[in-house]
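Please look at the chain below and work through the questions that follow, keeping the structure in view as you read each answer.

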Amino acid sequence: MTAQTQDAPAAGVQYSTVLPGDRVVARVRGAVLVVDAPALGATPEAADLAAALDVDGDLAAILRDRGGPSFVVVESTAGSVRALLRGTAGAPEERTLTVAIFASAGAATPEHVLHAGAEFVERVAPVAPGAVVTVTVGPPPPPAPVCGPTALHLLRGAVPGAGAVLWSDESLETTSEGDISTDVFPADAPTNEEPTGVSPLFAATEYDVEVQGPAEPVITGPIIEGRRCAFGHLNSPVAAYCTRCGALVDRRAPLETGPRPPLGLLVADDGTAFVVDDDMVLGRDPAAYVAQRAGRSFDGAGRLLPIVLQDRTGALSRAHLEIRIDGWQLLAVDVGSANGTWVRPPASPQPLRLPPGQPVPLTVGSDIHLGGRILQLQDGVGA
Ligand SMILES: [Zn+2]
C-alpha cells in the first residue's frame, strides 16, 4: 500500500482528513476505511481488508461475511453517504466504531450517529451540502478543529489514525447549529435484507445516546509546555505556524501546558507511515534492542517501540536507527549500524552520515537513508 497526502484537492472534491491515533485509516478508490487494529507493525488483516476494497463490484457483498478486526467503510458523494460497518459484540464506548453526520464543520453535536454492532450493517443517508461525516474508533469528536484550508487530505493508501473526517469547502460556510436532531441509529438496528445492495435510508429511530461535549483530543502524550494555535493545538514555543493545521501561532501569547501531540509522521518509501509520538528503533529485527532497554524511551519516561523494516539489500542492521523525542525536538541516533545512516535535511543537496551513537537533531522534511530504505519525516498528522 502507498500513502499519499496533499494540501489542496481539486474543487468539489470531498476532503478526507485523518485524526491522529494508532489505528489504521486507509483510502481505497475514494472510500475511507477505518480498521480497529494497531497501525504500528504489520497488521495483515487491515492490509487484507484494504486490498479487498480495491476491486470492482459491490462492497457490501465483499464485506458482509468478513471476519477479523472491526471496520467501517464510508463512501461519500455530493448528495449521500454510504456506511458499511461491523464491530465487536459488547465493545466499550471508547472502542466502538462510530459514523456521525454533522450539519457543518461548526456543529458541536452530530445530527445522526451510527454505531457498529456485532452484525454487519449497511446504511445510506442523504446529506445536505456542507455536511461533515466523521468515522472514528470511539465517540465522534466535533469536526471543527480538523476542517480548514491547510488540513491534509488522504488520497489513497493507509496511515495510522483514530479515524477520519470527510468534509468539503461548503462545510466551512455554514456555522449555525440550527435544530439539532436527536435521531440516531441503534447498534442493533436491523440490517439491510435486500440482497441487491439497495439500502434503506438511515432510519430516524429514537435512541438514547450520550452526545459528547467539546473537543476531546485523542492526544495522550506527556505534559509539555508550548503555545496554542487558534484551534487549540499545542505547538512548540518557537513554532510560527501550527504543525497540525497551519494556523498562525502567536509567539507573544503566554506559554501553556498540555499533552504533547505527535511530532510528525515517518513515511517510508513503500508508503508505510509511522506516527512519531514515542521513541522508536528502526531495523530489520529491533526486538532484542528494545528488550535490552526494557521498552523504555531514552529518558526513561516513555516507551521505545520497535519498527521493523524489510530490506532486500542486506545493508540494514537488526537495530539500526533510534528516533528519540526530547521535548519538542526529534533526535536521530545511529545505534552502531554496520552500514551507517545518512540524513539529508530539507534544502540540503547531500545526505550526511550520522556519527555512530551521537544524537543529531532531525528536522521535518529530512530524508533518512538506512540500508536500502529511505524514510521521510513529515509534518503533523492528519489535521
Ligand atoms: Zn492548529
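Q: In strand 7, which residue is the bridge partner of Thr 98?
A: In this predicted model, strand 6, which covers residues 97-102, runs antiparallel to strand 7, and 4 bridges join the two. Thr 98 has its bridge partner in strand 7, and that partner is His 115.

Q: Are the residues on the two faces of strand 7 buried or exposed?
A: Strand 7 spans residues 112-115, with His 112 and Leu 114 on one side and Val 113 and His 115 on the other. A residue counts as buried if 20 or more other C-beta atoms lie within 10 Å of its own. Both faces of the strand are covered, and these four residues are all buried.

Q: Why is one side of strand 14 and of strand 15 left without a neighbour in the sheet?
A: The open sheet in question has 3 strands in the order 14-13-15, and its pairing is antiparallel. Strand 14 (234-235) and strand 15 (256-259) therefore each have one side without a neighbour in the sheet, because both stand at the edges, each with a single partner strand.

Q: Which residue of strand 14 is the bridge partner of Arg 227?
A: Strand 13, made of residues 223-228, runs antiparallel to strand 14, and 2 bridges join them. For Arg 227, the bridge partner in strand 14 is Asn 235.

Q: What percentage of the residues of the chain count as buried?
A: The chain as a whole contains 3 helices and 26 strands. Of its 383 residues, the share that counts as buried is 45%.

Definitions and conventions:
Residues numbered from 1 in each chain as written. Predicted model: local features only at pLDDT ≥ 70, side-chain atom pairs only at ≥ 80, totals over all residues. Pairing = 2+ DSSP bridges. Buried ≥ 20, exposed ≤ 12 C-beta atoms within 10 Å, placed from the backbone.
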